[in-house]
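Got the viewer open? Let's take a short tour of the charged side chains, one selection at a time.

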Amino acid sequence: MSRHAEQIIGCDNSAEMIRISQSLLESSGIGNVEFVYATTKAELPFHDGQFDFIYDRRGPTSILEHPRILCSGGTIFGIHTDVTDVRRRLSENGYVDVTIEEFNEAVTYFPSGVEFALNLSDTPGNPDFTLPERKGELEAKIRENQIDGRLGIRELKYIWKATKA
């Protein structure tokens with residue numbers, strides 16, 4: 001994408017991912033890309049109206065800061081599995097020309113109940129299913145998520161786009 005933009009700034013809440021990305025960038029010779037460590041659960045370290053395009057793969061939580069950093073007339077584009085909150089937050093923040101399309105049904109399989117519990121626990125709003133006191137709830141979730149004899153989660157994927165008024 002660096003060939004198609006004047007400047008690209010990527011942000012992630014994983015210091016390790018930033019380190020890996022920075023290492024790959026340094027060996028690429030590309031000069032118009034930078035990476036910033038940031039979490040969408042706090043104020044992002046960007047100026048008001050700094051961006052004319054935002055790609056978001058995290059969904060509704062990150063939309064909270066986007067109206068501040070996206071310029072008027074700018075476009076936000078994202079991929080997410082649950083568009084209910086996405087649609088609501090885009091509407092509440094005055095975005096226009098909202099388009100949401102289903103593009104894929106995906107199944108994520110897990111090699112073990114432990115990996116499944118870690119994934120569930122990492123989902124915002126879920127309790128920590130790795131705790132011993134959640135064992136019964138985890139076992140019920142494991143029974144509910146059997147797909148063709150394997151442990152998995154089926155999700156619909158959506159692409160959405162909107163313009164800041």
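Select Arg88 to start: its relative accessibility is 35% in this predicted model, so Arg88 counts as partly exposed. Now add Glu92 and show both side chains; they meet in a salt bridge, with N to O at 3.1 Å. Both residues belong to helix α4 (residues 83-92), and being four apart there puts about one helical turn between them. Glu92 has a relative accessible area of 53%, so Glu92 is exposed.

Next, jump to helix α1, which covers residues 15-28. Pick Arg19 and Glu16: their side chains form a salt bridge at 2.7 Å, N to O. The spacing here is three residues, again about one turn of the helix. How accessible is each partner? Arg19 comes out at 48% relative accessibility, which makes it partly exposed, and Glu16 is partly exposed as well, at 43%.

Third stop: helix α6, residues 135-144. Select Lys135 and Glu139, a salt bridge whose closest N and O atoms are 4.0 Å apart. These two are four residues apart in the helix, so about one helical turn separates them. Lys135 is exposed at 52% relative accessibility, whereas Glu139, at 38%, is partly exposed.

Last selection: Asp48, Glu65 and Arg68. What links these three residues? A network of salt bridges does.

Want to keep hunting? The whole structure has eight salt bridges, among them the Arg88 to Glu92 pair where you began.

Definitions and conventions: Residues numbered from 1 in each chain as written. Predicted model: local features only at pLDDT ≥ 70, side-chain atom pairs only at ≥ 80, totals over all residues. Heavy atoms only, no water. Buried < 20%, exposed > 50% of the residue type's maximum accessible area, 1.4 Å probe, protein only.
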